[in-house]
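Trainee: I would like a close look at a single part of this model, with its surroundings. Please take me through the aromatic contacts and then the packing around them.

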Amino acid sequence: MASCQPIRSRPMKNRNRNGHTLSIKDWGQPVNTAMDSLTAALKSNIIPNQEYLLQGSVLDAAVEVLLHRLRGLCDNVDSGPETFHDHEMCFSIRGTSPQPLLLRVRRALDYQDMPWQLRYIGQSELGDKSRPTIVRSSIDVGCNATVVEFLTELGCRMDFEYILRGYMFRKGRMKITVSKIFKMGQGKPPESVEPMSQSYLVELSVLAPNGQDAIGEDMKNFAEQLRPLVQLDKIDYKRLPVTGPP
């Protein structure tokens, strides 16, 4: 009777498109997946998943003065600020948590070939008075136009949508946007819009990994340089008065 010999695993070889030999030496090695890579990156604290935020507003009549001040303070002095014209849709879905999961989908109307953007936003943390900014979880991913259908199939509901036109400045890691918000007519194209108010929304934000709270002090110092043109502060929307229809 022939003796049974252990089978030795030999490297399997294949060739890629360029003709280079590929070798798989050990099938027992676990295959890294996208989720494994994401988990490792989160543990390494290299993913910017926290947004530090200050907000304010400026009247239409004073926005040119504010833009002039920002041109002098920010990095893109020679080229001027970037402009944007975006359509944003806000979705929510309720699960076991009392707070709904909030998702936003944004697309550029002035650059139709740009990818769409899906954004998760967590609950805002105001903290105590010593914390200079709002802190909230924020994760952005690129996607295509089918994301709206995908979210609808998941059970998400679109709560509202609007159009933003404005300017974006950079100061180091800080991003400053000055946006005019327009409401969309129901069943009308994005071009058929009217302004929500006679003012611009001003936002100062930074995306950073966990634990970089020191950036809040830099944001506070920069916000001080914009006074009295605009007062950037932590806004608690839960405490704002809700005005009903006239």
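Mentor: Rings of Phe, Tyr and Trp, the last by its six-membered ring, count as a pair if their centres lie within 6.5 Å, and planes under 30 degrees apart count as stacked. The model is predicted, and it holds 1 aromatic pair by that criterion. The partners are phenylalanine 160 and tyrosine 162, with 6.1 Å centre to centre and 20° between the planes, so the pair is stacked under the 30 degree limit. The two rings can also be described by exposure. Phenylalanine 160 has a relative accessible area of 45% and is partly exposed. Tyrosine 162 has a relative accessibility of 14% and counts as buried, because the limit for buried is under 20%.

Another ring contact involves a charge. Arginine 165 places its charged end over the ring of phenylalanine 182, 4.7 Å from the ring centre.

Next, the nonpolar packing. In soluble globular proteins, nonpolar side chains tend to be buried together. Here the largest nonpolar core has 26 residues, and the members that touch the most others are Leu70, Leu204 and Phe222. At least two residues of this core come from each of S3, helix H2 (63-73), strand S9 (174-184), S11 and H4. Leucine 70 is in contact with Phe169, Ile176, Val178, Phe222 and Leu226, leaving aside residues up to four places away in sequence. Another core, of 9 residues, lies apart from the largest one; Leu103, Trp116, Leu118 and Leu151 are among its members.

Strand S3, one of the contributors to the largest core, covers residues 50-59. Of its 10 residues, 8 are buried, so S3 is largely enclosed by the rest of the structure. S3 has antiparallel pairings with two strands that can be listed in turn. With strand S11 (residues 199-208), S3 shares 10 bridges, and glycine 56 stands opposite valine 202 in S11. With strand S7 (residues 134-143), S3 shares 4 bridges, again antiparallel, and glutamine 50 stands opposite serine 137 in S7.

One backbone detail remains, in the segment after helix H4 (215-224), where proline 228 is found. Most peptide bonds are trans. The bond from arginine 227 to proline 228 is cis, with omega near 0°.

Definitions and conventions:
Residues are numbered from 1 along each chain as its sequence is written. This is a predicted model: local features need pLDDT of at least 70, side-chain atom pairs count only at pLDDT 80 or more; totals for chains, interfaces and linings use all residues. Side-chain values use heavy atoms; hydrogens and water are left out. Buried means under 20% relative accessible area, exposed over 50%, partly exposed in between (1.4 Å probe, protein chains only). Two strands pair if DSSP finds at least two bridges between them. Rings of Phe, Tyr and Trp (its six-membered ring) pair if their centres lie within 6.5 Å; planes under 30 degrees apart count as stacked, over 60 as edge-to-face and the rest as tilted. A charge sits over a ring if NZ of Lys or CZ of Arg is within 6 Å of the ring centre and within 35 degrees of the ring normal. A nonpolar core is a set of buried Ala, Val, Leu, Ile, Met, Phe, Trp, Tyr and Cys residues joined through side-chain atoms within 4.5 Å. Contact means heavy atoms within 4.5 Å.
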